[in-house]
Amino acid sequence: AERMFLRALEINPHLASAHSNLGLVYLQTDRLDLAKESLLRATQEDPDLKPAWENLARLGIMTQDPFMAVTALEQSLRLDPQDAFAHWNLAIFLAAKPDLRDAAVYHARAAGTIEPSLRPDADAFIRTLMEAQPQGE
């Protein structure tokens, strides 16, 4: 698959889907610098290419890069405001901040879009975070 995407980019270096798919190949084969480069190029070529934003979010999560993850998740939500993956992961990332109100907002949005059987676990998770937050913050 990698050779096929590289060949497609030789023919048309502006093909966003080829950059995105190549980034996914790199992501799956743990070549994270190349994945980042390809996925960023995909979003430059087509800012509305949701799979590229989703995979950039995954990369940000994997590499513990909150700026990349949050930016990509926000862009993913711009394209699909009902994206439970994006809402849930934004809630998790924002839970690391001292003020958990933003995390709670994204959690609530995720809870409204995820499978009902998963809601009790998701609710327990955010409740635990809120209870652990120091008072007065």
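Buried means under 20% relative accessible area, exposed means over 50%, and partly exposed is anything in between (1.4 Å probe, protein chains only). Keep those cut-offs in mind for what follows.

What you have here is a predicted model, where local features need pLDDT of at least 70, side-chain atom pairs count only at pLDDT 80 or more, and totals for chains, interfaces and linings use all residues. Residues are numbered from 1 along each chain as its sequence is written, and side-chain values use heavy atoms, with hydrogens and water left out.

**The overall picture**

The protein has eight helices and zero strands, so called from DSSP runs: H or I of at least four residues for a helix, E of at least two for a strand, numbered from the N terminus. Along the sequence that reads α-α-α-α-α-α-α-α. Of the 137 residues, 38% are buried. A contact here means heavy atoms within 4.5 Å. Take the contacts between residues at least 6 apart in sequence, and 40% of them join residues at least 24 apart. The accessible surface comes to about 8000 Å², with 56% of that belonging to carbon and sulfur atoms; such areas come from the Shrake-Rupley method with a 1.4 Å probe, and for residues only the protein chains shown count as cover.

**Helix α3 and its neighbours**

Helix α3 covers residues 32-45, and its 14 residues should span 20 Å at 1.5 Å a residue, which agrees with the 20 Å between its end C-alpha atoms. The expected span is 1.5 Å times one less than the number of residues.

Which residues of α3 are buried? They are A35, S38, L39, A42 and T43. Seen down the axis of α3, these buried residues fall within an arc of 135°, so they line one face of the helix. That arc is taken from the directions running from the helix axis to the C-beta atoms. On the other side of α3 you'll find D33, E37 and Q44, which are exposed. The cover over the buried residues of α3 includes α2 (16-28) and α4 (50-62).

Two residues from those covering helices are worth a look. A16 is found in helix α2 and counts as buried because its relative accessibility is 9%. Leaving out residues up to four places away in sequence, A16 touches A42, E45, D46 and L49. N55 lies in helix α4 and is buried too, at 8% relative accessibility. With the same neighbours left out, up to four places away in sequence, N55 touches L24, L27 and L39.

Here are the C-alpha separations for that pair of residues:

| Residues | Apart along the chain | C-alpha separation |
|---|---|---|
| A16 and R41 | 25 residues | 7.3 Å |
| N55 and S76 | 21 residues | 9.9 Å |

**A charge over a ring**

R58 lies over the face of F85, at 4.8 Å from the ring centre. To qualify, NZ of Lys or CZ of Arg has to be within 6 Å of the ring centre and within 35 degrees of the ring normal.

**Two loop residues with positive phi**

Most residues other than glycine have a negative phi. D30 goes the other way, with a phi near 60°. D30 lies in the loop between α2 and α3 and counts as exposed at 56% relative accessibility. Q64 has a positive phi as well, of about 55°, although it is not a glycine. Q64 lies in the loop between α4 and α5 (66-79), and at 68% relative accessibility Q64 counts as exposed.
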